[in-house]
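Thanks for sharing this one. Here are my notes, set out as numbered points to read alongside the coordinates.

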Amino acid sequence: MGFLRALHRSKPLLRSHLSASASLRWVSSSTALQRPESAGLAAEPADPPPRTPVGGARFHLAKPEDAIEVFVDGYPVKIPKGMTVLQACEVAGVDIPRFCYHSRLSIAGNCRMCLVEVEKSPKPVASCAMPALPGMKIKTDTPVAKKAREGVMEFLLMNHPLDCPICDQGGECDLQDQSMAFGADRGRFTEMKRSVVDKNLGPLVKTVMTRCIQCTRCVRFATEVAGVQDLGMLGRGSGEEIGTYVEKLMTSELSGNVIDICPVGALTSKPFAFKARNWELKGTETIDVTDAVGSNIRIDSRGPEVMRIIPRLNEDINEEWISDKTRFCYDGLKRQRLNDPMIRGSDGRFKAVTWRDALAVVAEVAHQVIPEEIVGVAGRLSDAESLMALKDFLNKMGSNNVSCEGNGISPNADLRPSYLLNTTIAGLEKADAFLLVGTQPRVEAPMVNARIRKTVRATQAKVAYIGSPSDFNYDHQHIGTGPETLLEIAEGRHPFCSTLLTAKNPVIMVGAGIFERKDKDAIFSAVETIAKSAKVVRPDWNGLNILLLHAAQAAALDLGLVSSPIESIQSAKFLYLMGADDVNLDKLPDDAFVVYQGHHGDKGVYRANVILPSAAFSEKEGTYENTEGCSQWTVPAVPTVGDARDDWKIIRALSEVAGVRLPYDNLEAVRARIGMVAPNLLHVDEREPSTVSLEMKPSVQHQMSHAPFEAVVDNFYMTDSITRASKIMAQCSSMLLKK
């Protein structure tokens, strides 16, 4: 064609001939035509290059002989039996549009957007609901499939309002993306669009039901994953709509996940409404610290403000869900924050001072008391670096009275299996019998509870619960409220013993609230007796678990913060609270000097003499160990507030002013020190199985109390300083908790 243009420019006479109606016949040649002997070799089909599966789609073939071969657009792909056509296309690297299909929910097959052409089928088939058969030839890019998708999209947009400029889903909307990629350029419907009344689902989920395309993802999520029968489909035809059967709020602790799975703008975040567009936000991948699970999250921020928190995929911990407390507590990060170092004056009022003055006062008082009267308590949100620094500082001052909130009276931290979830969160799916002792996982660790529910639905695993009456979202037997029932099972006198003995993979889960009881050693001894008789701990299976409550607990026990706070506080003259707001200070002497180091003006501030402002989890880099012993890092998403500093840096500066300088100046040096005490904390995203048997523990002869197990979490939405400062969490606790 370039040669033809050159002729056009250079020869006017020829140009006039070419512009005439005479037709030109172009002759092309190829290497194969010039050399006929090589044409036969070229005709042999070559192996097609491997394709990248869509969205990291992968599968495991337990038996290679069970694999079947299908052809996607002529590309052969081997898949296990039972896979659907849509899944086969994903493995082959072809992205099929869909609205109703979700890999973690049951198949509905009601949006019809995933239509593909299958050879010998008279009409397009819905690929999400069609099982793949051996030798099936699937065509995803033919005119028939394209026309079918355009028709489906035209029907979907027929009643969809033109809300995109004011819709919070704009920019991350499946309907926008797929109408651009697979829709037609015009519609033929001129009738009036229908409208639907919005539903009130509570303070977290905003509804604009006119935008709903009836994919039923939210209905299936609520029923299958969250375990609540709150949402359903009402009506028929054009009057069909999703709502609650009677006027009620959505009370599940996982309700915010319907925002993520809704493919359109029908269900969006109420606190985030009209705040920002997704392309204005900076995403930071980090982890959650509101419970001991360590859910993987992404913090979206704009400038210095956290705008929203959404989950990210981690199959081993939280899959792709997070709890409502994790998702909506972010507004607590900008309320009641401590900005400057402060000292309480003689009039009882706090006065802002410089760091130099505040540290000088603290160091001076610390040297005026004897070492045995120096006590340190770490809070439930503390990272491993600050725990290590606090312990080293107090040890250098001559005191060993350092503990962590929630770990109770003289915790036994000699053997790691005695305070970890040894089965792992993902491993719970292999269990077939659960014994829950003094724990309510639905409020203590919603993501662990979601795994248990998933297992119960999939395998009909039996669940028995010993503790105060609680609201579970799966079938269970409430077999008792106190340690007497535990003794009956240990002695083989209870009917549930037969279930444990016949189970292949039994699980015993003990709540961390037991740590606060005086008879905890006797309770753990009874639990270990049950574990031995039911073969709960074997070389190939460890079903003996402790479900921790707080993000700092596991790392504190690993690092040796094991003193008894109640006994040491009674005689304390210098008390260092590092984010500890829930420790009981009633028995603290009146003349004690209290230093509060934290990021929120919470309960601990009222008794403090000096306040040292620190960074919250969203503003610092820190190591947290979750309840299964897996270390993860937080990543700073926004700058620190005011004159706040990282926790370990404050203690490092204080140590120098006090004349007991700690031997580390940067994060790498702190982590090197952690590696000397607990090297497992440096192995990020790894779970180290225990090599020590629980039989090494000495037997105890303590008397077991008859007091029933009490609920540890009174208010699910307010458990720490961040959530107590959150306005959204306050609305949830007033509207959603049953009175």
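How many helices and how many strands does the chain have? The chain holds 23 helices and 28 strands, and please keep in mind throughout that this is a predicted model.

1. **The chain as a whole.** Taken along the principal axes, the C-alpha atoms fill a box of roughly 110 × 70 × 65 Å. The chain has 739 residues, and 54% of them count as buried. Among contacts with a separation of 6 or more, 69% are between residues 24 or more positions apart.

2. **Helix α20.** This helix covers residues 647-657. Its buried residues are Asp647, Trp648, Ile650, Ile651, Arg652, Leu654 and Ser655, a list that you may like to follow in the viewer. The cover over these buried residues includes three helices, namely α11 (355-368), α12 (384-396) and α21 (667-677). It also includes the strands β24 (574-578), β25 (593-598) and β26 (610-613). Just after α20 comes Gly659, with a positive phi of about 85°.

3. **Aromatic pairs.** Searching the whole structure turns up 7 aromatic pairs. Take Phe515 and Phe524: the ring centres are 6.0 Å apart and the planes stand at 45°, so this pair is tilted. Both Phe515 and Phe524 are buried. The pair of Phe716 and Tyr717 is edge-to-face, with 5.0 Å from centre to centre and 70° between the planes. Phe716 has a relative accessibility of 5% and therefore counts as buried. Tyr717 is buried too, with a relative accessible area of 3%. Elsewhere, Tyr465, Phe472 and Tyr474 are linked into a cluster by ring pairs.

4. **A charge over a ring.** While you are looking at side chains, have a glance at Trp633 and Arg671. The charged end of Arg671 sits over the ring of Trp633, at 4.3 Å from the ring's centre.

5. **Positive phi outside glycine.** Which phi does Thr216 take? Although Thr216 is not a glycine, its phi is positive, at about 65°. Thr216 belongs to the loop between β6 (205-207) and α8 (217-226). Its relative accessibility is 12%, so Thr216 counts as buried, the cut-off being under 20%. Asp685 is another residue other than glycine with a positive phi, here near 60°. You will find Asp685 in the loop between α21 and α22 (721-724).

6. **The largest cavity.** The structure holds 6 cavities of 30 Å³ or more, and the largest has a volume of about 170 Å³. Its lining is made up of 25 residues, and those nearest the centre are Leu381, Ser382, Met578, Gly579 and His599. Two elements, β25 and α22, give two or more residues to this lining. The most comes from β25, with 3 residues. By class, the lining of the largest cavity divides into 9 nonpolar, 9 polar and 7 charged residues. Note that β25 turns up in two of my points, since this strand is also part of what covers the buried residues of α20.

7. **The second largest cavity.** About 80 Å³ of space lies here. This cavity is lined by 15 residues, and Cys212, Cys215, Cys218, Cys262 and Ala266 are the closest to its centre. The elements that contribute two or more residues are α8 and α9 (257-261). Which classes do the lining residues of the second largest cavity fall into? They divide into 13 nonpolar, 1 polar and 1 charged.

8. **Lys282 and its surroundings.** Lys282 lies in strand β10, which spans residues 282-287. Is Lys282 buried, partly exposed or exposed? Its relative accessibility is 45%, so Lys282 counts as partly exposed. Leaving aside neighbours within four places in sequence, the contacts of Lys282 are Ile299, Asp300, Ser301 and Ala637. Asp300 is 18 residues from Lys282 along the chain, and 5.3 Å separates the C-alpha atoms of the two.

Note on methods
Residues are numbered from 1 along each chain as its sequence is written. Side-chain values use heavy atoms; hydrogens and water are left out. Buried means under 20% relative accessible area, exposed over 50%, partly exposed in between (1.4 Å probe, protein chains only). Helices (H or I, at least four residues) and strands (E, at least two) are DSSP runs, numbered from the N terminus. Contact means heavy atoms within 4.5 Å. Rings of Phe, Tyr and Trp (its six-membered ring) pair if their centres lie within 6.5 Å; planes under 30 degrees apart count as stacked, over 60 as edge-to-face and the rest as tilted. A charge sits over a ring if NZ of Lys or CZ of Arg is within 6 Å of the ring centre and within 35 degrees of the ring normal. On a 1 Å grid over the protein atoms alone, a cavity is a set of points where a 1.4 Å probe fits but cannot get out, and a pocket is an open set with protein on both sides within 12 Å along at least five of seven lines; lining residues have an atom within 4 Å of a point. Grid points are joined across faces, edges and corners, and a volume is the space filled by probe spheres set on the points. Ala, Val, Leu, Ile, Met, Phe, Trp, Tyr, Cys and Pro count as nonpolar, Asp, Glu, Lys and Arg as charged, and the others, Gly among them, as polar.
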